[in-house]
Amino acid sequence: MTEPSDATVDAVGKVTEALEFVERARGHLYSFHQLIGHADLVLGEACDELREAGHADVADRLDSE
């Protein structure tokens, strides 16, 4: 079996590097998704509490904007 050329080794190394960055980006997207979901949940709870406290106008504005 022949040894791969230096150019081939370099190219395969770059493919590996690119795939590692894709995996890192995917992890960041998952974290972003969790953070946005949590923020949405907490804001919904805050709006419910504002309505219960007599501030429906503020809660409605937060819901719509």
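**Surface and shape of a two-helix model**

User: How much area does the protein expose?
Analyst: The protein exposes about 5900 Å², and carbon and sulfur atoms supply 61% of it. Accessible areas come from the Shrake-Rupley method with a 1.4 Å probe, and for residues only the protein chains shown count as cover. This is a predicted model, in which local features need pLDDT of at least 70, side-chain atom pairs count only at pLDDT 80 or more, and totals for chains, interfaces and linings use all residues. Residues are numbered from 1 along each chain as its sequence is written, and side-chain values use heavy atoms, with hydrogens and water left out.

User: What share of the residues is buried?
Analyst: Buried residues (under 20% relative accessible area; exposed is over 50%, partly exposed in between) make up 3% of the 65 residues.

User: And what are the dimensions along the principal axes?
Analyst: The C-alpha trace spans about 80 × 15 × 10 Å. The radius of gyration, taken over C-alpha atoms, is 24 Å, whereas a compact globule of 65 residues would have one near 11 Å. That globule rule is 2.2 Å times the number of residues to the power 0.38.

User: Which residues does helix α1 cover?
Analyst: Helix α1 covers residues 6–52 and reaches 69 Å from its first C-alpha to its last, close to the 69 Å expected at 1.5 Å a residue. The expected span is 1.5 Å times one less than the number of residues. Helices are DSSP runs (H or I, at least four residues), numbered from the N terminus.

User: What comes just after α1?
Analyst: Glycine 54 takes a positive phi of about 90 degrees there.

User: Where is leucine 62?
Analyst: Leucine 62 lies in helix α2, residues 56–64, and is partly exposed, with a relative accessible area of 39%.

Terms used:
Buried means under 20% relative accessible area, exposed over 50%, partly exposed in between (1.4 Å probe, protein chains only).
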